[in-house]
Amino acid sequence: WYQRRVRLIKQIEFKIEESENEGPPLRCFTQLNWDLAREAASQSTIRYKNKEPISVLDGIPVGIKDELNIKHFRTNCGRAKQMPINKEDCNTVAALRSFGVVFIGITNMHEMGMGVTGINPNNGTARNPHNDQHITGGSSSGSAAAVSSGIVPFAIGTDGGGSVRIPTAFCGMQGIKPTFGRLDASNTSLESSTVTSIGVIATNVADVSLVISLMFLRASDPRFFKPGKFHPVRCISETPFSKLRFGTNMDYVSYCQKEIQKNFDEIKSRLPNIVEVALKELCMNKIAHTCIILAETAQDQETWKTQKDTLASQTKIVYSLCSRLSLQNYMQSSAQKTRAIKMFESIFKEIDILVTPTTACLPKRIDPASLSYGEFDEPNLLITMWFVYLANLCGLPSMSVNAGYSEDGLPIGLMLTAPWWREDLLFTAAKELETGLKKPSRFYCPVLKAKGQI
């Protein structure tokens with residue numbers, strides 16, 4: 001296999017073309033550069049031939065969300081307007097390049113990350129590989145679809161309000177939002193955010209833990225990691241699964257759709273030690289998260305002033321909300337954030353992991369009109385984000401693992417949230433709880449023979 005990397009890239013090219021021509025286009029990627037991918041694959045082949053691979057990721061194909069700067073590509077953030085071609089990588093992408101990965105291209109996303117459906121009238125909407133009439137979730141829609149459909153083994157996304165974990169759950173994959181500051185977001189559009197983290201989506205927990213651990217070695221945020229203040233990422237905790245203390249809040253879970261509640265009850269019965277914990281001021285915490293992420297988005301006034309006419313209606317609505325927030329709103333929300341952090345400091349003295357469903361709903365059907373005009377579906381937004389926002393507000397590491405499927409074959413996610421810097425606890429639990437994956441109806445794994453090829 002190591003001598004076949006260039007052939008693999010050619011096969012991926014064929015598979016992506018196939019995914020665009022069969023049924024509604026899958027639209028995982030919005031930018032591709034096959035010349036660059038083949039060159040990187042060729043260099044990787046030479047390294048393996050000389051028995052000098054850079055890392056275990058050398059030659060592995062990967063997709064990068066359209067929110068992170070990658071050399072020779074544009075960072076459009078899902079917009080219609082074409083931005084200048086980047087002259088350098090952001091630090092996190094540079095770390096991946098140093099490990100020898102092959103960048104296939106830029107993955108699709110919800111415009112400006114301002115939504116959780118993944119519907120994008122500018123670039124076309126990424127489709128859920130398990131049912132292409134349903135949403136992928138967002139905003140890292142293309143990254144989740146690319147992994148779920150088998151095109152790449154892992155992809156990079158960002159998570160400011162569940163944007164990695166929601167599409168991970170809806171597409172039946174495994175994905176992590178690490179502790180805020182775990183990965184360096186400098187030289188990206190996320191630089192000023194206090195709630196957004198760079199994350200990883202992969203087909204299994206082992207791959208997620210491997211990729212995030214390697215990325216941390218060369219892309220840790222210098223603001224958080226100084227001499228004497230180093231928190232390594234371990235792929236497994238010293239505490240075994242049987243000794244982990246889990247907590248949940250069943251009143252909180254009761255808002256889920258029935259199939260998700262039933263699935264959670266089954267998962268709950270498999271946990272060795274689980275107790276009920278008090279989650280206080282949930283409504284105020286949700287308002288605080290919303291105000292903070294909107295206020296920080298409002299800093300990007302250049303986009304609003306110069307590109308207003310090119311933005312989708314759904315994005316214009318969010319930007320108009322941003323402009324109504326005051327400094328007092330932001331300060332009050334920051335105070336509430338401090339209260340929420342103190343709440344979790346107390347909770348994690350009693351438990352190791354908070355466990356809930358990832359979302360309170362299954363991925364909804366796509367409204368055909370939204371494909372052309374976008375949509376702002378506030379009720380769906382609230383129920384989709386029902387569980388995910390707390391980890392963003394407080395900077396906690398949180399992971400979604402596939403927990404099973406609905407009667408209609410739609411994936412259901414389970415969310416695990418741990419104390420700050422304890423991703424190892426998530427990996428230990430997730431490896432025990434991840435459910436065997438079902439092959440989606442739209443599957444384009446490049447290592448399998450393509451249609452019409454021998």
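Reader: Before anything else, what is the strand order in the open sheet of 11 strands?
Author: In this predicted model, the open sheet has its 11 strands in the order S1-S3-S2-S4-S6-S5-S10-S11-S9-S7-S8, and the pairing is mixed.

Reader: Which strands stand at the edges?
Author: Those are S1 and strand S8, which covers 274-276, and each has a single partner strand, so one side of each is left without a neighbour in the sheet. Averaged over the sheet and with direction ignored, neighbouring strands are turned by 30° against each other.

Reader: Let's go inward to S6, then. How many of its residues are buried?
Author: Strand S6 runs over residues 197-202, and 6 of the 6 are buried, so the strand is largely enclosed by the rest of the structure. The burial applies to both faces, with Ser197, Gly199 and Ile201 on one side and Ile198, Val200 and Ala202 on the other.

Reader: Which strands does S6 pair with, and in what sense?
Author: On one hand there is strand S4, residues 154-159, which pairs with S6 in the antiparallel sense over 6 bridges, and within that pairing Ala155 stands opposite Ile201. On the other hand there is strand S5, residues 174-177, which is joined to S6 by 3 bridges and also runs antiparallel to it, with Gln174 placed opposite Ala202.

Reader: And where does S5 go from there, I mean what is it joined to besides S6?
Author: S5 is joined to strand S10, residues 398-405, by 3 bridges, and these two strands run antiparallel. In that pairing Lys177 of the one strand stands opposite Ser398 of the other.

Reader: Which helix lies across S4, S5, S6 and S10?
Author: Helix H6, residues 205-219, lies across those four strands, and it runs at about 145° to S6.

Reader: Switching to H4: why is that helix described as largely enclosed?
Author: Helix H4 covers residues 141-148, and 8 of the 8 are buried, so the rest of the structure largely encloses it. The buried residues are Ser141, Gly142, Ser143, Ala144, Ala145, Ala146, Val147 and Ser148.

Reader: What do those buried residues of H4 pack against?
Author: They pack against several strands and one helix, namely S1 (29-32), S2 (61-65), S3 (102-107), S4 and S6, together with helix H5 (165-170). Just after H4 comes Gly150, which takes a positive phi of about 85°.

Reader: I have Gly172 on my screen as well. Is it buried or exposed, and where does it sit?
Author: Gly172 is found in the loop between H5 and S5, and at 1% relative accessibility it counts as buried. If residues up to four places away in sequence are not counted, Gly172 touches His130, Asn402, Pro411 and Leu437. Its C-alpha atom is separated by 9.5 Å from that of Ala145, a residue 27 residues apart from it along the chain.

Reader: What about Asn123, where does that one lie?
Author: Asn123 lies in the loop between S3 and H4, and its relative accessible area of 18% makes it buried, given that the cut-off for that word is under 20%. Leaving aside its neighbours within four places in sequence, Asn123 is in contact with Arg27, Thr30, Gly78, Arg79 and Asn108.

Reader: Follow-up on Thr30: which strand is it in, and what else is it in contact with?
Author: Thr30 is found in strand S1, and its relative accessibility of 24% means that it counts as partly exposed. With neighbours within four places in sequence left aside, its contacts are Asp66, Ile106, Thr107, Asn108 and Asn123. As for Ile236, 206 residues apart from Thr30 along the chain, the C-alpha atoms of the two are separated by 35 Å.

Reader: Last topic, pockets. How much space lies in the largest pocket, and which residues are nearest its centre?
Author: About 1200 Å³ of space lies in the largest pocket. Its lining is made up of 50 residues, and Met112, Gly113, Met114, Ile293 and Thr297 lie nearest the centre.

Reader: Which helix gives the most to that lining?
Author: H9 gives the most, with 7 residues. Helices H9 (282-297), H10 (301-307), H11 (313-322) and H14 (378-384) each supply at least two residues of the lining.

Reader: How many of the lining residues are charged?
Author: There are 11 charged residues in the lining, alongside 24 polar and 15 nonpolar ones.

Notes
Residues numbered from 1 in each chain as written. Predicted model: local features only at pLDDT ≥ 70, side-chain atom pairs only at ≥ 80, totals over all residues. Heavy atoms only, no water. Buried < 20%, exposed > 50% of the residue type's maximum accessible area, 1.4 Å probe, protein only. Pairing = 2+ DSSP bridges. Contact = heavy atoms within 4.5 Å. 1 Å grid on protein atoms, 1.4 Å probe; cavity = no way out; pocket = protein on both sides within 12 Å on 5 of 7 lines; lining within 4 Å. Points joined across faces, edges and corners; volume = space filled by probe spheres on them. Nonpolar A, V, L, I, M, F, W, Y, C, P; charged D, E, K, R; others polar. Axes fitted to C-alpha atoms, helices over the stretch in contact; angles between N-to-C directions.
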